[in-house]
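Colleague: Could you take me through one strand of this model up close, and then show me what sits around it? I'd like the plain version, please.

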Amino acid sequence: KFICVGDFRQLAPIVQSEKAKNVLQSDIFSFLNICKYSEIHNHPWLVMLNEQRRMHPNISKFSNQHIYKGLLKNHSSVLSKWNSVTAREPLSDKAMNLIDLAGTFCAASKNADNSRFNILSAVLSFAIALKSEEAQKGLQFKEEEKVGIITPYAAQTRLIGALIQDYRQKDTTAVSCATVHQFQGSERNVVIFDAVESYPFVKPGWLVAKNENGSVMRLINVALTRARCKFITLANTRFWYNKFHETQNTYFKLLEHIKTNDTVVSMK
């Protein structure tokens, strides 16, 4: 017998070889046609591990509704397990949060590799991360478990990484930054997801727009579910609304979900 444990609602393998792309970029669930079934839990070869013990229930709520078809259950331990962190600043007592950059200076661009970055959201993400780290002082967690910043783009990761290195010349911090792909498998008490995309770009980058084999859904699902206690995302909602209104883009649906159910801080 062969038993495979995994999640086809998370990121597929990264493949750089054009010759092997068609084979290696398909995970085993896709190869066996399991994840093409609309009712995936009815497939005779599939058993769903449907109880999560990582996230605050308000964080798992979006993934449960929009990605796992309402099949995901919260273990009783997470109902109050993370309150000591969630209760603290920034955005105290709120597990899901949006920092809306609409109306601010547009500082998005891209490098020679066509990887995108946003100076304003990078600075804000790092500032929020430092505040989150400071707020968790006295709690019994390892420093590296406390705060992580994740972004879709390597250029933004390098920019925030440079901010972190500059900061460490005068002070200490365990804040880390990585792309969503690099962060898969990790978790933090507080996750700050910097969406990067903004004006003056006319179109969003393919990582968040081109949904081949559910790639955008997988990307956002991984980004969101890295957070244990608090999830904070920074985005220019005007840009996302203009590009993805009346579409099924998963990140746009996440923004709408937070607007309806959770905390929004506008630049006003």
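Modeller: Sure, let's take β3. Met96, Leu98 and Asp100 point one way from this strand, Asn97 and Ile99 point the other way, and all of them are buried. Keep in mind that this is a predicted model. The back-and-forth pattern is no surprise, because side chains in a regular strand alternate between the two faces of the sheet. β3 covers residues 96-100, and with five of its five residues buried it counts as mostly covered.

Now for the strands beside it. β3 pairs with β9 (residues 227-235) in the parallel sense, over five bridges. Asp100 has Ala235 as its bridge partner in β9. β3 also pairs with β10 (residues 263-266), again in the parallel sense, over four bridges. There, Leu98 has Val264 as its bridge partner.

Ile59 is a good way into the surroundings. Leaving aside neighbours within four places in sequence, Ile59 is in contact with Met96 and Ala95, and also with Leu224, Ala227, Arg228, Cys229, Lys230 and Phe231. Ile59 belongs to the largest nonpolar core, which has 41 residues; Ile59 is among those with the most contacts inside it, along with Phe193, Phe231, Trp240, Tyr251 and Leu254. The element that gives the most to this core is helix α9 (residues 215-224), with seven residues. There's also a second, separate core of 23 residues, and Phe126, Leu130, Ile160 and Ile232 are included in it.

Note on methods: Residues are numbered from 1 along each chain as its sequence is written. This is a predicted model: local features need pLDDT of at least 70, side-chain atom pairs count only at pLDDT 80 or more; totals for chains, interfaces and linings use all residues. Side-chain values use heavy atoms; hydrogens and water are left out. A nonpolar core is a set of buried Ala, Val, Leu, Ile, Met, Phe, Trp, Tyr and Cys residues joined through side-chain atoms within 4.5 Å. Buried means under 20% relative accessible area, exposed over 50%, partly exposed in between (1.4 Å probe, protein chains only). Helices (H or I, at least four residues) and strands (E, at least two) are DSSP runs, numbered from the N terminus. Contact means heavy atoms within 4.5 Å. Two strands pair if DSSP finds at least two bridges between them.
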